[in-house]
Amino acid sequence: MTSGVWDVCVLGAGPGGYAAAMRAHDLGKRVVVVERGQVGGAGIHAGALSSKTMWHLSNDYAVAARSDRGYRMPGGIEVSYPKVIESVRTAVSERRSLLDRQLASLTTPSQNGGIVTLVRGTARFISPHEVEVKRNDGTLEKITAKNFVLATGSRPRVPDTIPVDGEIVVTSDQIESFKEFPESMVIVGAGVIGCEYATMFANFGKTKIHIIDRQPRILPFEDEDIAEEVASSFESMGVVIHRASKLETLKVKDGKVEYVITNAEGKTETIHVERALVSVGRIPATSDLGLEAAGVKLDKSSGVVVEHTRSTTPHIYAAGDATMDIALVNVAELEGRYAVEKMFDLEPRPIRYEALSAIMFLKPEVASVGLNETKAKENKVPYRVGVVANRLICRNIAMRETSGFIKLLSSPTTNKILGLRVVGSEASSTIQGIAFLIDQDATLEDVDHCVHPHPAITEGVQECARMLLGRSVMKVDVFGREGLLRCGEG
Ligand SMILES: Cc1cc2nc3c(=O)[nH]c(=O)nc-3n(C[C@H](O)[C@H](O)[C@H](O)COP(=O)(O)OP(=O)(O)OC[C@H]3O[C@@H](n4cnc5c(N)ncnc54)[C@H](O)[C@@H]3O)c2cc1C
């Protein structure tokens, strides 16, 4: 049933669109969701969940393959790419079936009249309140709604000069289609997605990985010490990083990849590998939405121009990657929910983008919340910084995983916590508490006062706070000389 005027029409059923639909359902609204591909979007498929499943499997494999832990698999361990991908697909379908099941049960009105209907097809605006949907069976349908949420996500950016064929030269959309682990693969682009796949393939130990980046270092938006920690871990796993290198050409020759770079010394190198992964960013999927018919403006990067999720046409909102300022599942969901609350005048609390938390699934894992030193300097925010090496933290010693460090930033005038970076095993589970404290405008004293469990990596966060307060258990005078503790300002 897609007739009548809907309260809300959501374009895209990825994390942003799905969350928006569910929030509108809470409010007793009649909601239609149009999805052209798979429910869950890149939050699940060829994206966050699928890649994180593969990351976990690769980590488990790497740990099982270690020989320094008092145990060893007799005869070594086998791994096959198709079997790994089978596990990835099981995870994806488990999650998708939950989303599908919920959608199916919301097609009958709830007590407050809320209803959510899914239409499978591709939508484009034909007027500010109407979209035409080309259903997946080829039929056309018109949907009229009072409000819209654009949550159409993004797609990989592919430079014209790189011949992506989906088989030998792929993007993250096609990487699961390899028949076997390639013997070697070049990754073009050393941002988060490129570095995450470098980690996974290096963990499995079957593929020689090369990474090309135009910058002198990987992860250029992160602090230098963090990027260097990851880079040296990559190099210790045999990953070749072409730093400050320009990709001149990349082509398929005799079924393999030949690429030419100009390296940091200005010399030209020609290198042959079996496969290439192109990972040079993503662009908003907005080009075929007919947005001109609705008066919605786009910025230079094709992202929907928004102010607090509202587009230049007041009844049309946008969430997630379609705006492309930050491409994360949690942000897409927050924005989708926020857009609906704003649409129905609930006056939601503004999203605190400065207190966002994120994880980079690398080796070592990097988790972040709030400011880093790079951003603080860029925005001229004065800060104090305390760094504790994981080698000093009992839990890391017990895990036999002592690489990495914890870095806490605070305000020099108020001691308010500004940001945290955790680099090392289990980093992701360490930042949540601080994300909450930043949201509450908490201070170093609050972190010091809190009772942390033992042994826990968060004790390292507490030690950073104590160091900044001049009362740490482990002393900078002793361990600072070895670079295990650092206290500074910027
Ligand atoms: C490899 C990879 C790994 C990632 N890892 C993480 C991670 O670990 N953590 C994290 O937070 N984020 C991660 N992300 C980012 C995250 O997946 C995205 O930020 C998030 O999915 C964006 O949600 P969205 O709802 O805006 O868009 P999407 O998830 O892209 O969903 C948009 C949906 O809209 C549909 N659509 C598009 N156009 C139309 C149309 N015209 N009509 C109808 N439907 C349409 C699409 O089919 C799609 O299903 C990763 C992304 C990738 C690619």
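Me: Which residue of β16 does Val 149 stand opposite?

Reply: Tyr 317 is the residue of β16 that faces Val 149. Keep in mind that this is a predicted model.

Me: How do you know that β5 and strand β16 (residues 316–318) pair?

Reply: DSSP has to find at least two bridges between two strands before they pair. For β5 and β16 there are three bridges, in the parallel sense, so the requirement is met.

Me: What makes strand β1 (residues 5–11) and strand β5 (residues 140–150) partners, and in which sense do they run?

Reply: Six bridges join β1 to β5, and the two strands run parallel. At least two bridges are needed, so β1 and β5 count as paired. One matched position is Trp 6, whose bridge partner in β5 is Ala 145.

Me: What joins strand β4 (residues 130–135) to β5, and how do they run?

Reply: Five bridges join β4 to β5, and here the strands run antiparallel. Within this pairing, Glu 132 has Lys 142 of β5 as its bridge partner. β4 and β5 form a hairpin, with four residues between them. In its turn, Gly 138 has a positive phi of about 95 degrees.

Me: Let's move to the open sheet of five strands. What is its order?

Reply: The order is β7-β14-β8-β9-β10, with parallel pairing.

Me: Why is one side of β7 (169–170) and of β10 (240–242) left without a neighbour in the sheet?

Reply: β7 and β10 stand at the edges and each has a single partner strand, so one side of each has no neighbour in the sheet.

Me: How do you know that strand β8 (residues 184–188) and strand β9 (residues 208–212) pair?

Reply: There are five bridges between β8 and β9, in the parallel sense. With at least two bridges required, β8 and β9 therefore pair. As a landmark, Ser 184 stands opposite Lys 208 in β9.

Me: Now the ligand. What makes the approach of Gly 43 to an oxygen atom of the ligand a polar contact?

Reply: A backbone N or O atom of Gly 43 lies 3.1 Å from that ligand oxygen. The cut-off is a pair of N or O atoms within 3.5 Å, so the pair qualifies.

Me: Which other polar backbone atoms should I look at, around a nitrogen atom of the ligand and an oxygen atom of the ligand?

Reply: A polar backbone atom of Ala 123 is 3.1 Å from a nitrogen atom of the ligand. For Val 329, a polar backbone atom is 2.8 Å from an oxygen atom of the ligand. Both distances are within 3.5 Å, so both pairs are polar contacts. The protein buries 92% of the 1,000 Å² that the ligand exposes when taken alone.

Me: Which residues around the ligand come nearest, and how does the shell divide by class?

Reply: Gly 16, Glu 35, Ala 42, Asp 321 and Val 329 come nearest, out of 37 residues around the ligand. By class, the shell has 16 nonpolar, 16 polar and five charged residues.

Me: Now some backbone details. What makes the peptide bond from Lys 363 to Pro 364 cis, and where is Pro 364 found?

Reply: Omega for the bond from Lys 363 to Pro 364 is near 0 degrees. Pro 364 sits in the loop between β17 (357–360) and β18 (366–370). The bond from His 454 to Pro 455 is cis too, with omega near -10 degrees, and Pro 455 is in the loop between α11 (444–449) and α12 (458–468).

Me: Why point out the phi of Asp 345 and the phi of Glu 347?

Reply: Most residues other than glycine have a negative phi. Asp 345 is not a glycine, yet its phi is positive, about 55 degrees. Glu 347, also not a glycine, has a positive phi of about 50 degrees. Asp 345 lies in the loop between α7 and β17, as does Glu 347.

Me: Why does Asp 345 count as buried or exposed, and what about Glu 347?

Reply: Exposed means over 50% relative accessible area. Asp 345 has 64%, so it is exposed. Glu 347 has 73%, so Glu 347 is exposed as well.

Me: And why does Asn 415 count as buried or exposed?

Reply: Buried means under 20%. Asn 415 has 17% relative accessibility, so it is buried. Asn 415 is in the loop between β20 (405–410) and β21 (417–423).

Me: What joins the side chains of Asn 415 and Glu 445?

Reply: A polar contact of 3.0 Å joins them. Beyond residues up to four places away in sequence, Asn 415 touches several others, including Ser 410, Ala 442 and Leu 469.

Notes: Residues numbered from 1 in each chain as written. Predicted model: local features only at pLDDT ≥ 70, side-chain atom pairs only at ≥ 80, totals over all residues. Heavy atoms only, no water. Near = heavy atom within 4 Å. Polar contact = N/O pair within 3.5 Å; in protein donor to acceptor, adjacent residues only side chain to side chain. Areas by Shrake-Rupley, 256 points an atom, 1.4 Å probe, with all protein chains shown as cover. Nonpolar A, V, L, I, M, F, W, Y, C, P; charged D, E, K, R; others polar. Buried < 20%, exposed > 50% of the residue type's maximum accessible area, 1.4 Å probe, protein only. Contact = heavy atoms within 4.5 Å.
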